[in-house]
Amino acid sequence: MRYAGAWRACGKLTSVTIQTPPRHPGLTPPEVAERVRAGQTNDLPPRSGRTTADIVRANVFTRINAILAVLLVIVLSTGSWINAAFGLLIIANSVIGIVQELRAKKTLDSLAVVGEAHPRVRREGVASERNRTEVVLDDVIELGPGDQVVVDGEVIEAEYLEVDESLLTGESDPEPKDPGGHVMSGSFVVSGSGAYRATRVGADSYAAQLTAEASKFSLVKSELSRGINQILKVITVILIPVGLATIWVQLGQAENDWRRAVLAMAGALVPMVPEGLVLLTSVAFALGVIRLGRRQCLVQELPAIEGLARVDVVCADKTGTLTENGMTFGELRLLDGAQDAQLREVLGQLILADQRPNASMQAIGASLSPAEPTWSVLAKAPFTSAKKWSGATFVEQGNWVVGAPDVLIPPDADAAVLAEQIGSTGLRVLLVGRCELPVDDPAAPGTVTPEALVVLKQRIRPDAKATLDYFTDQGVALKVISGDNAASVGAVTRQLGLSGEALDARQLSSGTGFADAIENNSVFGRVTPHQKREMVAALQGGGHTVAMTGDGVNDVLALKDADLGVAMGSGSPATRAVAKIVLLDDKFATLPFVVAEGRRVIGNIERVANLFLTKTIYSVILALLVVLWQLPFPYQPIHVTITGWFTIGIPAFLLSLAPNNERARGGFVGRVMRLVVPSGLAVATATFVTYLSVLPAPGSAPELRVQATTAALTATIVSASWVLAVVARPYEWWKIALILGSFAAYLLIFTLPLTQTLFMLDPSNAAMMSVGFAAGLVAAVVIEVTWWVNGRLLGEPRRLWLRQDS
């Protein structure tokens, strides 16, 4: 594209014989200003999809905050300020969530400015790249291969222009566009060039609503968020009847002391609310966006982070992904007595005839530096990934084509054999030849007479091998699917350590055999854009979670259909637009960090969910047992608060930030519930048995009731701490320090006179404390057994102590 401008400057294409309407000069500055004043601009919502006010409302007015706020008001009515300490969770939940989401929003919005398409807008006869939001109604926008149509419009200039609308309409074949035809935003150009006049901008354009919805900073389409919401709905249904029964029983046990009844009721209900689960989930996703942003990764859909964690197959294009973007001209190898000067002139005129040459022709043009178009053009055929050749028909010089040798000539031809030999070294080879038919003939090119081979050099990215090795170590399969010659692709992949021969995709049959071939092989050449899409679908049909990386217009369909589309920042605008993640720095080596970040976020959210939901389960069961036995509830809200500090709250926050390389799996809800239900039952049983064993008779001294509460709290803390010890595995030094620190904190709380008074504790009764401690240890054993049994049932090894790599 850059060379095209320079070549046009050397000579005007209007000297050729193609009859084209005069160029529309575009709008003038006064006309633009008039449309801006009228509001006829391409205003789009923030890339993150939510305003600051939306984020504040979403984090303050939540179901959990509402429940806690009601309980807070009830507790404050008793005058017990210390028991209202749980109200700080409302502030913490809101502030932390708002801060992290605003940081993520800032990251998304700033990176999106870099990553979005910049259409070439023509005003007063001069075309320049502008932000999408600068487009106004009736602007003239130029198009070329790989460009995305950013607003709806009417075609006013077209030179062999073909637009792919499959992302909008489902129509698989590109649509030829002539002047007077319409183009829709969200489609993209596969070949040719042209210009269109914007007829619908902003929210009125066809794909604006779809784009805005897909880009919202939300947990839409996330298996994880669906699982969490499903659990919260069940908890809400359970909480209402249990809460009402608890209130009824506690009022009956209060001995005319309504304050005590209210505090007991709040002590039962507060721990049922998994107050930190939703918070830490949103914070983990937001931090993931921020951390990826620091690596110049634009996350265009938040669920993409979850997709990262689940990927088990990465499909990569060769050019621009495994190799560097730029190619350099190697040599012109003449065939059958062709003249060097003549072939260089042919190539120069073919380049000048193409307003938007592809990367290969740009590399040739950079070396040949053609001066000006001197051959009159009758017809052109722009390059497409589907046909793999381009060409032109000249008035006097005839029909010439440039393209893939194995497509243009028979495989047993001498030139084809030579091209295969050169390609097997990893070089890219193009054939230049005369063709029998005019290039715009439906049957073109017909018989091709080879004249020369053009050899192009392409460098493998220095970090490509280390990146592929990382995926292999992590159990992620790699599929290289390229439009290049299979021998050339195979040579590159062999240098990178990928085993297996490269298959020519033209020989693949559809149906079951196609899916088997994709599953059992790793390297494919001569893959068409629609075959790439079919390959992704075949892998998904085999139960794989597929990531697709690419940079060209031929990758768009596969990127869109993949579970996770990853585009290179220097790729075509259409590619960047459909990808869920854009690597703005163009580094393939960033992918391991991207995958690791997704695994860290999802794996740690599951850890955190185990902690919070265990607390909810044991709180509900304990409340039910107290209701059935019609006893005073053992705890006041402050006891629940201090229990959560070091068994859930602080540990959960730290665990949510830890590295985690385990690939995410489906079945989140079932896997979590298999641990938290028996663990919660064990904690609740230990607590209730202790409480029932040490509960003093009615009318006993008040200090005995406090001692009984302290003993029951001991059982709760010991057993709940073992849940933390299980969830934190595999151990590292800091996790061991975290667990020991939690026990040490509770030891101080139980032994210091100040904290005993502040938190209403009395551990002086050794007999009661022994019962509580013993019950807690028994529950810890049950939790440990549950962990091992789950591991056996799921076929997973359970590592007790240190990480294997530590």
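Which residue in E12 does Val-377 stand opposite? In this predicted model, Val-377 stands opposite Phe-394 of E12. This pairing belongs to the contact between strand E11 and strand E12 (residues 389–394), which run antiparallel and are joined by four bridges. The description below begins with the sheet that contains these strands, continues with a second sheet, and ends with the packing of helices.

The sheet that includes E11 and E12 is open and consists of six strands in the order E10-E15-E14-E13-E12-E11, with antiparallel pairing. Its edges are formed by strand E10 (323–334) and strand E11 (377–381); each has a single partner strand, so one side of each is left without a neighbour in the sheet. From one strand to the next, the twist averages 20°. Helix H16 (residues 414–423) packs on this sheet and touches E10, strand E14 (428–435) and strand E15 (448–460). The direction of H16 makes about 5° with that of E15.

Within this sheet, E12 is joined to E13 by six bridges, and the two strands run antiparallel. E12 and E13 form a hairpin, with three residues between them. Ala-392 has Trp-400 of E13 as its bridge partner. On to E14, strand E13 makes four bridges, again in an antiparallel arrangement; here Val-401 has Gly-433 of E14 as its bridge partner. Strand E13 (residues 398–403) is largely enclosed by the rest of the structure, because five of its six residues are buried.

Gly-398 lies in strand E13. This residue has a relative accessible area of 23% and is therefore partly exposed, the limit for a buried residue being under 20%. When neighbours within four places in sequence are left aside, Gly-398 is in contact with Ala-392 and Thr-393. Gly-398 and Val-377 are 21 residues apart along the chain, and their C-alpha atoms are separated by 9.4 Å.

The second sheet is also described as open. Eight strands form it in the order E8-E21-E20-E19-E9-E16-E18-E17, and its pairing is mixed. Strand E8 (297–299) and strand E17 (503–504) are the edge strands, each pairing on one side only. Strand E9 (residues 313–316) and strand E16 (residues 477–481) run parallel and are joined by four bridges. In that pair, Cys-315 has Lys-479 of E16 as its bridge partner. Helix H18 (residues 486–495) packs on the sheet, where it touches E16, E17 and strand E18 (523–525). The direction of H18 makes about 150° with that of E18.

The packing of helices is considered next. Two packed helices are described by the angle between their axes and the distance between the axes. Helix H10 (residues 275–294) packs against H23 at an angle of about 170°, and their axes are 9 Å apart. H10 is therefore roughly antiparallel to H23. On the H10 side, the contact includes Glu-275, Leu-280, Phe-285 and Arg-291, while the residues of H23 include Phe-593, Glu-597, Arg-600 and Phe-612. The residues of this contact divide into 15 nonpolar, three polar and five charged.

Helix H23 (residues 591–629) also meets H24: their axes come within 9 Å and cross at roughly 165°. The two helices are therefore roughly antiparallel to each other, and their crossing is left-handed. Asn-604, Val-608, Leu-611, Phe-612, Lys-615 and Tyr-618 of H23 make this contact with Thr-643, Thr-647, Ile-648, Ala-652 and Leu-655 of H24. By type, the residues of this contact divide into seven nonpolar, three polar and one charged.

Helix H24 (residues 637–655) packs in turn with helix H26 (residues 702–727), at an angle of about 10° and with the axes 9 Å apart. This angle makes H24 roughly parallel to H26. In H24, the residues that meet H26 include His-639, Ile-642, Phe-646 and Pro-651, and those on the H26 side include Thr-709, Leu-713, Ile-717 and Leu-724. The contact of H24 with H26 has eight nonpolar residues, six polar residues and no charged residues.

Notes. Residues are numbered from 1 along each chain as its sequence is written. This is a predicted model: local features need pLDDT of at least 70, side-chain atom pairs count only at pLDDT 80 or more; totals for chains, interfaces and linings use all residues. Side-chain values use heavy atoms; hydrogens and water are left out. Two strands pair if DSSP finds at least two bridges between them. Contact means heavy atoms within 4.5 Å. Axes are lines fitted to C-alpha atoms, for helices over the stretch in contact, and angles run from 0 to 180 degrees between N-to-C directions. Angles under 35 degrees count as roughly parallel, over 145 as roughly antiparallel, 65 to 115 as roughly perpendicular and the rest as oblique. Ala, Val, Leu, Ile, Met, Phe, Trp, Tyr, Cys and Pro count as nonpolar, Asp, Glu, Lys and Arg as charged, and the others, Gly among them, as polar. A crossing is left-handed if the near helix is turned anticlockwise from the far one by less than a right angle, and right-handed if clockwise. Buried means under 20% relative accessible area, exposed over 50%, partly exposed in between (1.4 Å probe, protein chains only).
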